[in-house]
Structure formats: structure tokens, C-alpha cells
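Q: Got a minute to go through a model with me? I'll put it up here.

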Amino acid sequence: MQNRKGEDFLKLKDLIENIDVLETNVKDFDKDITDIAYNSKNAKEGCAFVCIKGFKTDGHEYIDEAIKNGARLVVVDEFFDTSKIDGKIDYIKTSNTRKALAVMSANFFGHPSKDFLLIGVTGTNGKTSTTFMIKSILEANSQKVGLIGTIKNMIGSKEIEAQHTTPESYDLQKLFWQMKNEGVDSVVMEVSSHSLELYRVYDCDFDVGVFTNLTQDHLDFHGTMENYFAAKLKLFEMSKKRVVNADDSWGKRIIEMYPDCVTYAKDSDAQVCTKNVKLFVNKNQFELWYNGKKEEITLNIPGLFSIYNSLAAAACCISLGIELDTIKKGLEDLKAVPGRFEIVESNERFTIVIDYAHTPDGLLNLMKTVDDVAEGRKVLLFGCGGDRDRTKRPIMGEIAGRMADFVIVTSDNPRTEDPLKIIADILEGIRKTNVEYVVIPDRYEAIKYAIKNAKENDFIVLAGKGHETYQILKDRTIPFDERKIVKDILKELRE
């Protein structure tokens, strides 16, 4: 691993620049540090091991393993009793080890985000599609673009598997460093509320921050919507320019706080807006307006929410001085975003769509889109994730009951929770409606039931999994690509 200077080490004094040192036993700050690890299994000879607390484990409990693997220094938080390790290894105590990890990682890799244009997109829904759209516009503007997000990470056209919506700070800075070395001009990334709250993007040099919307999600982590909003706000404190959805009530608050931001909207007054919207089953057509000028856009991604995402992407690129005709080209060049209103080609008398909607607002917007284009019954198959915000489950159940003609309640990623208990939470909402429904906990069998019992002109929506190619169960993760599953079931039923 080479650092910012192309060397295999960095002096400790340079590595810890700008972190708060509350206590240390270090005598030689000129010693060489070969790398940084936050997982003891990845510690190696001469590295610094930073102890961060995760959701299930605490790095402070693995110091001995890190030492055994060759760590030269450990960084601990202010609550750790350093007498346990004094004499074993050099240590630094700091007020927040996650913040320290972010600063040290940026130092180690030479602050690569200062060497390209960095755009962060945050919000409950729309982050993935908006980043893909921004990437396409920037490429239409002859830039080499890096992408970091839920589905995958990319350097130009090269794909890299994504582990988290926003990687841990060390992995993120390493990815930035790799992108810089491969000559990117710009990087556009999804920025989750978790990453903002957990300092994963701390010490990143954001040129533009984009806000899509804020609706209920992640309250298991944030506790309240105000806390959730406060986490999102951190991106705008870090950004030089800000782009905000003026139709969103939380967005209006950001606009009051930052009057110089670029605004976009469909229904409110905004700098970037749209007129003459036409919705089709496989595309949208609309006029994009800015500063008295317009472009007529044909967007290959259907749904009203896709128009909002395209407005966000357009406003972002307008803030960077990109012309409307280039924005039009970039938006129209994008053919699809995996798992976002993705129509499965089936040559059947009914339509099957796969979508990632997994929040109340996401499900509502999805079904509104279906309502605009469906000719027959709206059949919705969905579940809710385990070990996540329970309060949204009955809300999503009620939305499903109001918006669909028939509902199939099944599993999503149950994780360590009992799937039947998750379904029971969903049914609390469904029973407030008069919708006809069936419960089939096994998602494969649920999809098979939906297809086997489809009627002519049915619009079958498989919601929640989207781009994912796996399902997380209590004791294992299994392959589960709904595109492949649908095709396999169709083939089986034809034989």
C-alpha cells in the first residue's frame, strides 16, 4: 500500500495532524506508519490500529489481536482505560476515534478529494438514480467520473462492488486515492445519514451537496426525524455549493438556512423547474427550464420520482456551469438504473416491475407511478427488512392496502428477526384497508404465486429488493436475484 507520497509509510506526526490528542505515551513521532486498520484482522506490521465501536463489536476489545498482527500504534477513545495497554504498545487517546480515523485516513492518502470535483447526494429516496444521472451528464460534458453508491462503485466504466452505501472513512479515502490515480475529473457519491453521523465522510472536500427529500426511515438509528434531519444537514455544512428540493418541507428549511443554494421543484417556485410532464410506462417526457431557457427531455426511466431525480441532477450540474443542452444529452443517454422501476422483459400478457422502494414514501411514489401507467390490476408484492425501523412497517402496509388492488405480503431481508413477526407488523396497516391480500413468507414462492395467478393486463410490482442479488436470513445470506428468479419461474410455468 503506497500513500500520498508513493511511499510505503507515513511519519506518525504527519498521520495524526489535526486530530485531538488527549493523552499519549508516544516518544518518537517520527516513526514510520505503514498503513491504518480499523479491523484487527487487517492489522499488519507497522500499522496504526484505530479502535472504533460498531453496531455489534467494539474495536477496543481486539487490541491484543491487532498487536499480535504487528500494529505499531493504537488509537483509543477517551473512555478507554489506557493502563490496560501502557507498556505493551504506543497509544494515542482521542475524543472520537471515528473522527480520528477519518482525519488520519485523509492524511495518509493525501486528501485526494481536493484533487477532483466531489459531489455528495443525500436524502431518503432518489440518491442512487440521481448519482447515476449526474454521472451521465458529467460524462456528456467530457469528464471521467467516479461513482460511489448503493449498487456499485465505478471508475469511468469500470465497476467495483459496493459493500455499503457510503464506505468506512479509510475505505472511502483509499477509493478516492485510487480514483485520483486513475485520472478522474469528478466523483459523485451517495451520502447516507449513517455515514454523516458516523464521520465516514468527515474531512472530505465536497464541492456540491445535493438534497433530494426526507421521509421516514432509519428511526431505529436516529430516534427522531429531527435527529435524522440534523444528520443530513452535516453534508451542507461541508459543501461549497448546495442544491435543494424546494417541494420538500425539510428542503424548505435548508433553503432558509442557506439562501444561496440552487433550488429545483416541480410544484414550487424554484430556479430549476419542469413543465408539460407526460408519463409513459417506459419513459417520461418533460420540459426542463432554467433562467428562461428550456430543453425538451425524453427520460428513459419512468415515474414522477424520476423527474424529481433528473431535476436534482440538472440543478447540480447547472450549479457547476454546465449548459442545458449538455444536461439534456446526459439525461437522455442514461438508459436505466438497476432495480429502479426495472421492467422485466417477459413476452407475457402482464407486466412485471422490480423496484428498490423500501420506505413509506418510496412505496407511495412507486405505486403512484404504477397508477399512472397500469391498465389492469395493480398487484404489489413486498416485505420489510428485519433489524430496521419497525415503526414504518404498518405505515407501508396501509399504503400498500390503499394503493394496490391485490397485495402479497412476504419477506424482504429478515436478518435476525422472525419473518412472521415482521409480517405481523405490516398486517397492522393492511387491515386498516379493504384490500384483498395473501401472506406467503417465502419470497420465491410469493413471486411464483404472483406470476402463476396473474391476469391479463396485471401490473405486478416486486418491491424492496431492487438491484440486490441476495437475501439476508437469520443464519446465512442466499443468492436472490429477482430478475433471474422471474425468468426461471416463467420458464418453469411455460414447460
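What follows is a chat about the sheets, some helices, the cysteines and a few backbone angles.

Q: What kind of model is it?
A: It is a predicted model.

Q: OK, sheets. In what order do the strands of the six-stranded one come?
A: The order is 19-20-24-21-22-23, in an open sheet with mixed pairing. Strand 19 (342-343) and strand 23 (436-439) are the edge strands, each pairing on one side only.

Q: Do strands 21 and 22 pair in the parallel or the antiparallel sense?
A: Parallel, over four bridges; strand 21 covers residues 378-382 and strand 22 covers residues 406-409. Two of the pairings in detail: Leu-380 has Val-407 as its bridge partner in strand 22, and Phe-382 has Val-409.

Q: And which helix packs there, touching strand 21 and strand 22?
A: Helix 13 (residues 392-403) packs on the sheet and touches both of those strands. Its direction makes about 165° with that of strand 21. Strand 21, helix 13 and strand 22 together make a β-α-β unit, and it is right-handed.

Q: What about the other side of strand 22, how many bridges join it to strand 23?
A: Four, and the two strands run parallel. Val-409 has Val-439 as its bridge partner in strand 23. There is a right-handed β-α-β unit here as well, made of strand 22, helix 14 (residues 419-430) and strand 23.

Q: Which way do the side chains of strand 22 point?
A: Phe-406 and Ile-408 point one way, Val-407 and Val-409 the other way. All of them are buried. In a regular strand the side chains alternate between the two faces of the sheet.

Q: Now the other sheet. How many strands form it?
A: Eleven, in the order 11-10-9-12-8-13-14-15-16-17-18; this sheet is open and its pairing is mixed. Its edges are strand 11 (158-161) and strand 18 (293-299), each of which pairs on one side only. On average, neighbouring strands are turned by 20° against each other, direction ignored.

Q: Strands 9 and 10, parallel or antiparallel?
A: Antiparallel, with two bridges between strand 9 (residues 145-148) and strand 10 (residues 152-155). Gly-146 stands opposite Ile-155 in strand 10.

Q: Which strands does helix 10 lie across?
A: Helix 10 (residues 304-319) lies across strand 8, strand 13 (206-211), strand 14 (239-245), strand 15 (262-265), strand 16 (272-279), strand 17 (284-290) and strand 18. It runs at about 150° to strand 16.

Q: Switching to helix 4. What is its span from first C-alpha to last?
A: Helix 4 (residues 127-140) reaches 20 Å, close to the 20 Å expected for its 14 residues at 1.5 Å a residue.

Q: Is helix 4 mostly covered or mostly exposed?
A: Mostly covered, with twelve of its 14 residues buried. Among them are Phe-132, Met-133, Ile-134, Ile-137 and Leu-138, but also Lys-127 and Lys-135. Just after the helix, Ser-142 takes a positive phi of about 65°.

Q: Where else is phi positive in a residue that is not a glycine?
A: His-111 is one of them, at about 50°, and Phe-341 has a phi of about 45°. Most residues other than glycine have a negative phi. His-111 is in the loop between helix 3 (97-108) and strand 8 (117-122), and Phe-341 is in the loop between helix 11 (324-333) and strand 19.

Q: Are those two buried or exposed?
A: His-111 counts as buried at 17% relative accessibility. Phe-341 is buried too, with a relative accessible area of 4%.

Q: How many disulfides are there?
A: Zero.

Q: Why does Cys-317 not bond to Cys-316?
A: Because the two sulfurs are 4.8 Å apart, too far for a bond; the cut-off is 2.5 Å. Cys-317 is buried at 0% relative accessibility.

Q: And Cys-51?
A: Its closest cysteine sulfur, in Cys-47, is 11 Å away, which is also too far for a bond. Cys-51 is buried, with a relative accessible area of 0%.

Q: Last one: what is Ile-451 in contact with, neighbours within four places in sequence aside?
A: Phe-350, Ile-352, Ile-460, Val-486, Ile-489, Leu-490 and Leu-493. Ile-451 lies in helix 15 (residues 443-452) and is buried, with a relative accessible area of 6%. Ile-451 and Val-486 are 35 residues apart in sequence, and their C-alpha atoms are 8.2 Å apart in space.

Methods: Residues numbered from 1 in each chain as written. Predicted model: local features only at pLDDT ≥ 70, side-chain atom pairs only at ≥ 80, totals over all residues. Heavy atoms only, no water. Pairing = 2+ DSSP bridges. Contact = heavy atoms within 4.5 Å. Axes fitted to C-alpha atoms, helices over the stretch in contact; angles between N-to-C directions. Expected span 1.5 Å × (residues − 1). Buried < 20%, exposed > 50% of the residue type's maximum accessible area, 1.4 Å probe, protein only. Right-handed = clockwise from strand over helix to strand, strands pointing away.
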